[in-house]
Amino acid sequence: MINIEHLDKTYHLKNADVHAVDDVSLHIESGQIYGVIGYSGAGKSTLVRCLNFLEIPDSGSIEIEGFGKVSANQGSLDISQKKLRELRRSIGMIFQHFNLLDRSTVFDNVAYPLKYTGLSKKEIETRVDELLDLVDLADKKYVYPSQLSGGQKQRVAIARALSNNPKVLLSDEATSALDPDATESILKLLRDLNKRLGITIILITHEMSVIKSIANRVAVMENGKVVEEGDVYDIFANPKEEITKKFINSSSALSNITKLIENKTIIPTDSKLVKLTFTRDSVGSATISKISREYNVDVNIMLANVDVINADALGGIIASIEGAKENVQRAIDFLHESNVKVEVIHHA
Ligand SMILES: Nc1ncnc2c1ncn2[C@@H]1O[C@H](COP(=O)(O)OP(=O)(O)OP(=O)(O)O)[C@@H](O)[C@H]1O
(Lines give C-alpha, C1' and ligand atoms only; values in the text may rest on other atoms or scores of the structure.)
Protein backbone atom coordinates (compact mmCIF):
# COMPACT_ATOMS: atom_id res chain seq x y z
CA MET A 1 0.00 0.00 0.00
CA ILE A 2 1.19 3.50 -0.87
CA ASN A 3 -0.53 6.52 0.57
CA ILE A 4 0.31 9.97 -0.71
CA GLU A 5 -1.16 12.94 1.13
CA HIS A 6 -1.13 16.59 0.08
CA LEU A 7 2.19 16.28 -1.72
CA ASP A 8 3.70 19.52 -2.99
CA LYS A 9 6.85 20.32 -4.94
CA THR A 10 7.79 23.68 -6.45
CA TYR A 11 10.95 24.36 -8.46
CA HIS A 12 12.28 27.86 -7.98
CA LEU A 13 13.76 28.98 -11.24
CA LYS A 14 15.47 32.30 -11.94
CA ASN A 15 12.43 33.93 -13.52
CA ALA A 16 9.56 31.90 -12.19
CA ASP A 17 8.36 29.25 -9.81
CA VAL A 18 7.11 25.96 -11.30
CA HIS A 19 4.53 24.21 -9.16
CA ALA A 20 5.38 20.72 -10.52
CA VAL A 21 3.30 18.74 -7.98
CA ASP A 22 0.34 20.59 -6.54
CA ASP A 23 -1.46 19.10 -3.53
CA VAL A 24 -1.55 15.51 -4.80
CA SER A 25 -3.20 12.82 -2.67
CA LEU A 26 -3.41 9.21 -3.94
CA HIS A 27 -3.95 5.77 -2.52
CA ILE A 28 -2.36 2.81 -4.31
CA GLU A 29 -3.15 -0.74 -3.19
CA SER A 30 -0.41 -3.39 -3.01
CA GLY A 31 -0.18 -5.50 -6.13
CA GLN A 32 -1.86 -2.91 -8.32
CA ILE A 33 -0.64 -1.67 -11.67
CA TYR A 34 -1.28 2.02 -11.27
CA GLY A 35 -0.99 4.36 -14.26
CA VAL A 36 -0.25 8.07 -14.14
CA ILE A 37 -0.99 9.84 -17.42
CA GLY A 38 -0.48 13.44 -18.47
CA TYR A 39 1.07 15.59 -21.16
CA SER A 40 4.69 16.67 -21.03
CA GLY A 41 5.28 18.94 -18.05
CA ALA A 42 2.20 17.76 -16.13
CA GLY A 43 4.37 16.72 -13.17
CA LYS A 44 4.32 12.93 -13.56
CA SER A 45 8.07 12.38 -13.28
CA THR A 46 8.37 14.72 -10.33
CA LEU A 47 5.54 12.92 -8.53
CA VAL A 48 7.06 9.51 -9.11
CA ARG A 49 10.57 10.67 -8.20
CA CYS A 50 9.14 11.90 -4.89
CA LEU A 51 8.02 8.34 -4.11
CA ASN A 52 11.59 7.12 -3.67
CA PHE A 53 12.72 10.56 -2.52
CA LEU A 54 15.01 11.07 -5.50
CA GLU A 55 13.16 14.36 -5.36
CA ILE A 56 12.45 15.78 -1.90
CA PRO A 57 8.91 17.17 -1.65
CA ASP A 58 8.37 20.58 -0.04
CA SER A 59 5.46 19.32 2.03
CA GLY A 60 2.99 16.46 2.38
CA SER A 61 3.58 12.85 3.29
CA ILE A 62 4.20 9.48 1.69
CA GLU A 63 3.53 6.19 3.40
CA ILE A 64 4.97 3.08 1.81
CA GLU A 65 3.95 -0.23 3.35
CA GLY A 66 6.52 -1.37 5.87
CA PHE A 67 8.13 2.04 6.28
CA GLY A 68 5.52 4.12 8.06
CA LYS A 69 4.56 7.63 7.08
CA VAL A 70 7.37 9.95 5.95
CA SER A 71 6.51 13.64 6.15
CA ALA A 72 8.28 16.41 4.31
CA ASN A 73 8.71 19.86 5.74
CA GLN A 74 10.35 22.55 3.61
CA GLY A 75 12.57 20.03 1.90
CA SER A 76 13.59 17.91 4.90
CA LEU A 77 12.24 14.44 5.71
CA ASP A 78 11.45 12.86 9.08
CA ILE A 79 13.24 9.58 8.29
CA SER A 80 16.76 8.46 9.21
CA GLN A 81 19.38 8.07 6.44
CA LYS A 82 19.56 4.33 7.18
CA LYS A 83 15.79 3.86 6.82
CA LEU A 84 15.81 6.03 3.69
CA ARG A 85 18.46 3.78 2.10
CA GLU A 86 16.32 0.73 2.96
CA LEU A 87 13.22 2.40 1.55
CA ARG A 88 15.00 3.27 -1.69
CA ARG A 89 16.20 -0.31 -1.99
CA SER A 90 12.63 -1.56 -1.73
CA ILE A 91 11.64 0.51 -4.78
CA GLY A 92 13.01 -0.34 -8.24
CA MET A 93 12.88 2.10 -11.11
CA ILE A 94 13.08 1.90 -14.90
CA PHE A 95 13.41 4.77 -17.36
CA GLN A 96 12.65 5.71 -20.96
CA HIS A 97 16.32 5.58 -22.02
CA PHE A 98 17.20 2.52 -19.92
CA ASN A 99 20.12 4.21 -18.05
CA LEU A 100 22.42 1.19 -18.48
CA LEU A 101 26.18 1.30 -17.98
CA ASP A 102 27.36 1.08 -21.59
CA ARG A 103 30.86 -0.15 -20.73
CA SER A 104 29.56 -2.98 -18.54
CA THR A 105 28.15 -6.31 -19.65
CA VAL A 106 24.55 -7.32 -19.05
CA PHE A 107 25.79 -9.37 -16.08
CA ASP A 108 27.61 -6.39 -14.52
CA ASN A 109 24.65 -4.07 -15.08
CA VAL A 110 22.27 -6.42 -13.27
CA ALA A 111 24.83 -7.21 -10.54
CA TYR A 112 25.56 -3.52 -9.87
CA PRO A 113 22.88 -2.86 -7.20
CA LEU A 114 23.88 -6.10 -5.41
CA LYS A 115 27.45 -4.88 -4.86
CA TYR A 116 27.16 -3.54 -1.33
CA THR A 117 24.50 -5.86 -0.01
CA GLY A 118 26.86 -8.34 1.68
CA LEU A 119 26.17 -11.13 -0.83
CA SER A 120 29.11 -13.34 -1.87
CA LYS A 121 30.30 -13.47 -5.51
CA LYS A 122 28.63 -16.85 -5.91
CA GLU A 123 25.34 -15.60 -4.44
CA ILE A 124 25.41 -12.56 -6.74
CA GLU A 125 25.96 -14.81 -9.77
CA THR A 126 23.06 -17.06 -8.77
CA ARG A 127 20.79 -14.05 -8.26
CA VAL A 128 21.78 -12.46 -11.59
CA ASP A 129 21.11 -15.77 -13.39
CA GLU A 130 17.67 -15.93 -11.76
CA LEU A 131 16.91 -12.36 -12.83
CA LEU A 132 18.09 -12.92 -16.41
CA ASP A 133 15.87 -16.01 -16.59
CA LEU A 134 12.98 -13.93 -15.31
CA VAL A 135 13.35 -11.41 -18.15
CA ASP A 136 14.25 -14.10 -20.71
CA LEU A 137 17.77 -12.87 -21.41
CA ALA A 138 19.92 -15.72 -20.07
CA ASP A 139 21.72 -15.99 -23.43
CA LYS A 140 22.85 -12.34 -23.34
CA LYS A 141 24.70 -12.51 -20.02
CA TYR A 142 28.10 -11.44 -21.35
CA VAL A 143 27.13 -9.04 -24.13
CA TYR A 144 27.28 -5.23 -23.94
CA PRO A 145 24.20 -2.97 -24.12
CA SER A 146 25.23 -1.67 -27.56
CA GLN A 147 24.67 -5.20 -28.91
CA LEU A 148 21.05 -5.27 -27.72
CA SER A 149 17.78 -4.01 -29.16
CA GLY A 150 15.79 -1.35 -27.27
CA GLY A 151 13.39 -3.96 -25.90
CA GLN A 152 16.29 -6.14 -24.71
CA LYS A 153 17.96 -3.13 -23.04
CA GLN A 154 14.73 -2.44 -21.17
CA ARG A 155 14.66 -6.09 -20.05
CA VAL A 156 18.17 -5.66 -18.61
CA ALA A 157 17.00 -2.50 -16.85
CA ILE A 158 14.00 -4.40 -15.44
CA ALA A 159 16.25 -7.23 -14.17
CA ARG A 160 18.51 -4.64 -12.53
CA ALA A 161 15.52 -2.85 -10.97
CA LEU A 162 14.33 -6.17 -9.49
CA SER A 163 17.71 -7.24 -8.11
CA ASN A 164 16.95 -6.32 -4.50
CA ASN A 165 13.47 -7.87 -4.53
CA PRO A 166 11.65 -4.54 -4.40
CA LYS A 167 7.99 -4.35 -3.41
CA VAL A 168 7.38 -1.48 -5.81
CA LEU A 169 8.53 -0.84 -9.37
CA LEU A 170 8.39 2.70 -10.77
CA SER A 171 8.29 2.90 -14.55
CA ASP A 172 8.97 6.32 -16.07
CA GLU A 173 7.87 6.17 -19.75
CA ALA A 174 9.57 2.77 -20.03
CA THR A 175 8.05 1.99 -23.43
CA SER A 176 8.12 5.46 -24.97
CA ALA A 177 11.35 4.87 -26.91
CA LEU A 178 10.33 1.42 -28.15
CA ASP A 179 8.64 0.24 -31.34
CA PRO A 180 5.12 -1.26 -31.05
CA ASP A 181 6.32 -4.90 -30.88
CA ALA A 182 8.91 -4.18 -28.20
CA THR A 183 6.33 -2.06 -26.32
CA GLU A 184 3.87 -4.96 -26.32
CA SER A 185 6.51 -7.41 -25.14
CA ILE A 186 7.71 -5.13 -22.30
CA LEU A 187 4.11 -4.50 -21.19
CA LYS A 188 3.50 -8.25 -21.22
CA LEU A 189 6.63 -8.78 -19.13
CA LEU A 190 5.51 -6.15 -16.61
CA ARG A 191 2.07 -7.80 -16.43
CA ASP A 192 3.68 -11.22 -15.83
CA LEU A 193 6.03 -9.86 -13.15
CA ASN A 194 3.11 -8.19 -11.42
CA LYS A 195 1.25 -11.53 -11.35
CA ARG A 196 4.21 -13.75 -10.46
CA LEU A 197 5.92 -11.54 -7.90
CA GLY A 198 2.92 -9.54 -6.69
CA ILE A 199 5.00 -6.41 -7.19
CA THR A 200 3.16 -3.07 -7.23
CA ILE A 201 3.87 -1.18 -10.45
CA ILE A 202 3.46 2.56 -10.83
CA LEU A 203 3.72 3.50 -14.43
CA ILE A 204 4.00 6.96 -15.96
CA THR A 205 3.02 7.42 -19.57
CA HIS A 206 1.60 9.91 -22.04
CA GLU A 207 -0.08 7.10 -24.01
CA MET A 208 -3.59 5.98 -23.11
CA SER A 209 -2.99 2.74 -25.05
CA VAL A 210 -0.41 1.77 -22.40
CA ILE A 211 -2.87 2.49 -19.59
CA LYS A 212 -5.58 0.52 -21.39
CA SER A 213 -3.38 -2.48 -21.94
CA ILE A 214 -1.90 -2.87 -18.47
CA ALA A 215 -3.18 -0.63 -15.65
CA ASN A 216 -5.92 -1.38 -13.12
CA ARG A 217 -6.27 2.21 -11.95
CA VAL A 218 -5.24 5.53 -13.41
CA ALA A 219 -4.63 9.10 -12.30
CA VAL A 220 -4.78 11.88 -14.90
CA MET A 221 -2.42 14.79 -14.21
CA GLU A 222 -2.56 18.35 -15.50
CA ASN A 223 -0.52 21.31 -14.25
CA GLY A 224 0.78 19.39 -11.24
CA LYS A 225 -2.68 18.30 -10.09
CA VAL A 226 -4.52 14.99 -10.28
CA VAL A 227 -7.69 16.03 -12.13
CA GLU A 228 -9.33 12.61 -12.45
CA GLU A 229 -8.66 9.23 -10.83
CA GLY A 230 -10.29 5.83 -10.85
CA ASP A 231 -10.64 2.29 -12.12
CA VAL A 232 -9.34 2.16 -15.72
CA TYR A 233 -12.50 0.55 -17.14
CA ASP A 234 -14.75 3.14 -15.46
CA ILE A 235 -12.59 6.03 -16.66
CA PHE A 236 -12.70 4.72 -20.25
CA ALA A 237 -16.45 4.10 -20.05
CA ASN A 238 -17.27 7.43 -18.47
CA PRO A 239 -14.52 10.05 -18.58
CA LYS A 240 -15.45 13.33 -16.91
CA GLU A 241 -12.66 15.81 -17.62
CA GLU A 242 -11.91 17.21 -21.09
CA ILE A 243 -8.27 16.18 -20.86
CA THR A 244 -9.26 12.59 -20.04
CA LYS A 245 -11.61 12.51 -23.04
CA LYS A 246 -8.78 13.82 -25.21
CA PHE A 247 -6.45 11.06 -24.01
CA ILE A 248 -9.11 8.40 -24.62
CA ASN A 249 -9.83 9.75 -28.11
CA SER A 250 -6.14 9.56 -28.92
CA SER A 251 -6.24 5.79 -28.46
CA SER A 252 -9.64 5.15 -30.06
CA ALA A 253 -10.52 4.36 -33.66
CA LEU A 254 -13.80 6.23 -33.05
CA SER A 255 -12.01 9.58 -33.02
CA ASN A 256 -11.98 9.37 -36.84
CA ILE A 257 -15.56 10.60 -36.60
CA THR A 258 -14.40 14.23 -36.72
CA LYS A 259 -13.24 13.56 -40.30
CA LEU A 260 -16.63 12.07 -41.15
CA ILE A 261 -18.46 15.08 -39.73
CA GLU A 262 -16.32 17.45 -41.80
CA ASN A 263 -17.50 15.50 -44.83
CA LYS A 264 -21.20 16.15 -44.12
CA THR A 265 -22.43 14.26 -47.18
CA ILE A 266 -22.10 10.98 -45.29
CA ILE A 267 -24.82 11.98 -42.82
CA PRO A 268 -28.23 11.25 -44.32
CA THR A 269 -31.12 13.68 -43.81
CA ASP A 270 -33.72 12.76 -41.14
CA SER A 271 -31.10 11.19 -38.96
CA LYS A 272 -29.12 11.65 -35.80
CA LEU A 273 -25.46 10.76 -35.58
CA VAL A 274 -24.81 9.15 -32.21
CA LYS A 275 -21.96 7.67 -30.28
CA LEU A 276 -23.06 4.59 -28.36
CA THR A 277 -21.02 3.16 -25.52
CA PHE A 278 -21.70 -0.41 -24.44
CA THR A 279 -20.37 -1.23 -20.99
CA ARG A 280 -20.46 -4.44 -18.93
CA ASP A 281 -24.21 -3.90 -18.41
CA SER A 282 -25.13 -3.68 -22.06
CA VAL A 283 -22.41 -5.19 -24.20
CA GLY A 284 -24.06 -8.61 -24.47
CA SER A 285 -27.51 -7.65 -25.76
CA ALA A 286 -28.76 -7.25 -29.33
CA THR A 287 -29.92 -3.67 -28.77
CA ILE A 288 -29.24 -2.37 -32.26
CA SER A 289 -31.36 -4.95 -34.07
CA LYS A 290 -34.08 -4.47 -31.43
CA ILE A 291 -34.44 -0.72 -32.02
CA SER A 292 -34.40 -1.26 -35.74
CA ARG A 293 -37.26 -3.78 -35.49
CA GLU A 294 -39.37 -2.18 -32.76
CA TYR A 295 -39.11 1.49 -33.71
CA ASN A 296 -38.84 1.20 -37.47
CA VAL A 297 -35.54 3.06 -37.72
CA ASP A 298 -32.50 2.30 -39.87
CA VAL A 299 -29.19 2.12 -38.07
CA ASN A 300 -26.11 2.73 -40.17
CA ILE A 301 -22.99 1.73 -38.27
CA MET A 302 -20.09 3.88 -39.47
CA LEU A 303 -17.35 3.06 -36.98
CA ALA A 304 -17.12 0.43 -34.32
CA ASN A 305 -14.52 -0.53 -31.78
CA VAL A 306 -14.26 -3.08 -28.98
CA ASP A 307 -11.65 -2.78 -26.26
CA VAL A 308 -10.94 -5.40 -23.66
CA ILE A 309 -9.93 -3.62 -20.46
CA ASN A 310 -9.05 -5.70 -17.42
CA ALA A 311 -10.86 -8.66 -19.05
CA ASP A 312 -14.12 -6.74 -19.60
CA ALA A 313 -15.39 -5.64 -23.00
CA LEU A 314 -16.08 -1.99 -23.70
CA GLY A 315 -17.77 -1.34 -27.04
CA GLY A 316 -18.16 1.88 -28.96
CA ILE A 317 -20.22 2.51 -32.07
CA ILE A 318 -20.72 5.62 -34.16
CA ALA A 319 -23.96 5.24 -36.07
CA SER A 320 -26.64 7.28 -37.73
CA ILE A 321 -30.20 6.51 -36.69
CA GLU A 322 -32.62 7.32 -39.47
CA GLY A 323 -36.40 7.44 -39.47
CA ALA A 324 -39.40 9.51 -38.38
CA LYS A 325 -38.33 12.04 -35.71
CA GLU A 326 -40.45 10.54 -32.91
CA ASN A 327 -39.28 7.02 -33.75
CA VAL A 328 -35.62 8.09 -33.61
CA GLN A 329 -36.28 9.67 -30.20
CA ARG A 330 -38.07 6.55 -28.92
CA ALA A 331 -35.16 4.40 -30.15
CA ILE A 332 -32.72 6.63 -28.28
CA ASP A 333 -34.86 6.45 -25.12
CA PHE A 334 -34.84 2.66 -25.39
CA LEU A 335 -31.04 2.63 -25.72
CA HIS A 336 -30.80 4.74 -22.54
CA GLU A 337 -33.12 2.32 -20.72
CA SER A 338 -30.92 -0.57 -21.88
CA ASN A 339 -27.86 0.97 -20.18
CA VAL A 340 -26.29 2.07 -23.44
CA LYS A 341 -24.68 5.48 -23.11
CA VAL A 342 -25.89 7.70 -25.97
CA GLU A 343 -24.21 10.92 -27.03
CA VAL A 344 -25.76 12.78 -29.92
CA ILE A 345 -22.86 14.01 -32.03
CA HIS A 346 -24.75 15.56 -34.91
CA HIS A 347 -28.30 16.34 -36.01
CA ALA A 348 -29.04 16.23 -39.71
N1 LIG B 1 14.87 19.62 -11.76
C2 LIG B 1 14.01 20.53 -12.20
N3 LIG B 1 14.28 21.85 -12.09
C4 LIG B 1 13.39 22.78 -12.51
N5 LIG B 1 12.20 22.50 -13.06
C6 LIG B 1 11.88 21.22 -13.21
C7 LIG B 1 12.76 20.16 -12.80
N8 LIG B 1 12.16 18.98 -13.06
C9 LIG B 1 10.97 19.28 -13.62
N10 LIG B 1 10.79 20.62 -13.71
C11 LIG B 1 9.60 21.32 -14.22
O12 LIG B 1 8.46 20.82 -13.51
C13 LIG B 1 7.35 20.63 -14.37
C14 LIG B 1 6.90 19.17 -14.31
O15 LIG B 1 7.93 18.38 -14.89
P16 LIG B 1 7.87 16.77 -14.94
O17 LIG B 1 9.13 16.31 -15.60
O18 LIG B 1 7.55 16.27 -13.59
O19 LIG B 1 6.63 16.55 -15.89
P20 LIG B 1 6.22 15.26 -16.71
O21 LIG B 1 4.75 15.20 -16.70
O22 LIG B 1 6.96 14.08 -16.21
O23 LIG B 1 6.70 15.65 -18.17
P24 LIG B 1 7.78 14.91 -19.10
O25 LIG B 1 7.12 13.68 -19.59
O26 LIG B 1 8.04 15.92 -20.19
O27 LIG B 1 8.98 14.67 -18.23
C28 LIG B 1 7.81 21.07 -15.75
O29 LIG B 1 7.38 22.39 -15.96
C30 LIG B 1 9.31 20.99 -15.68
O31 LIG B 1 9.91 21.92 -16.55
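Here is a short tour of the ligand shell, an annotated domain and a helix pair. The model is predicted, so please read everything below in that light. The ligand has a shell of residues running from Tyr11 to Thr46 in the numbering, and α1 gives the largest share of that shell. Further along the chain, helices α11 and α12 cross at roughly 145°.

**Around the ligand**

- Starting at the N-terminal side, the residues surrounding the ligand include Tyr11, Leu13, Val18 and Ala20.
- The others around the ligand are Gly38, Ser40, Gly41, Ala42, Gly43, Lys44, Ser45 and Thr46.
- Two elements each give two or more residues to this shell: strand β2 (17-28) and helix α1 (44-51).
- Helix α1 supplies three residues, the largest share.
- Sorted by class, the shell holds six polar, five nonpolar and one charged residues.

**The annotated domain**

- An unreviewed UniProt entry carries the annotation "domain: ABC transporter" for residues 2-248.
- Within residues 2-248, helix makes up 35% of the chain and strand 28%.
- The C-alpha atoms at the two ends of this stretch are 26 Å apart.

**The α11 and α12 pair**

- The axes of α11 (residues 287-295) and α12 (residues 325-337) come within 10 Å of each other.
- The crossing of α11 past α12 is right-handed.
- On the α11 side, the contact is made by Thr287, Ile291 and Tyr295.
- Their partners in α12 are Asn327, Arg330, Ala331, Phe334 and Leu335.
- By class, this contact brings together five nonpolar, two polar and one charged residues.

Key: Residues numbered from 1 in each chain as written. Predicted model: local features only at pLDDT ≥ 70, side-chain atom pairs only at ≥ 80, totals over all residues. Near = placed C-beta within 6 Å. Helix = DSSP H or I, 4+ residues; strand = E, 2+ residues; numbered from the N terminus. Nonpolar A, V, L, I, M, F, W, Y, C, P; charged D, E, K, R; others polar. UniProt positions renumbered as here; feature names shortened; annotations may be inferred. Axes fitted to C-alpha atoms, helices over the stretch in contact; angles between N-to-C directions. Left-handed = near helix turned anticlockwise from the far one by under 90°. Contact = placed C-beta atoms within 7 Å.
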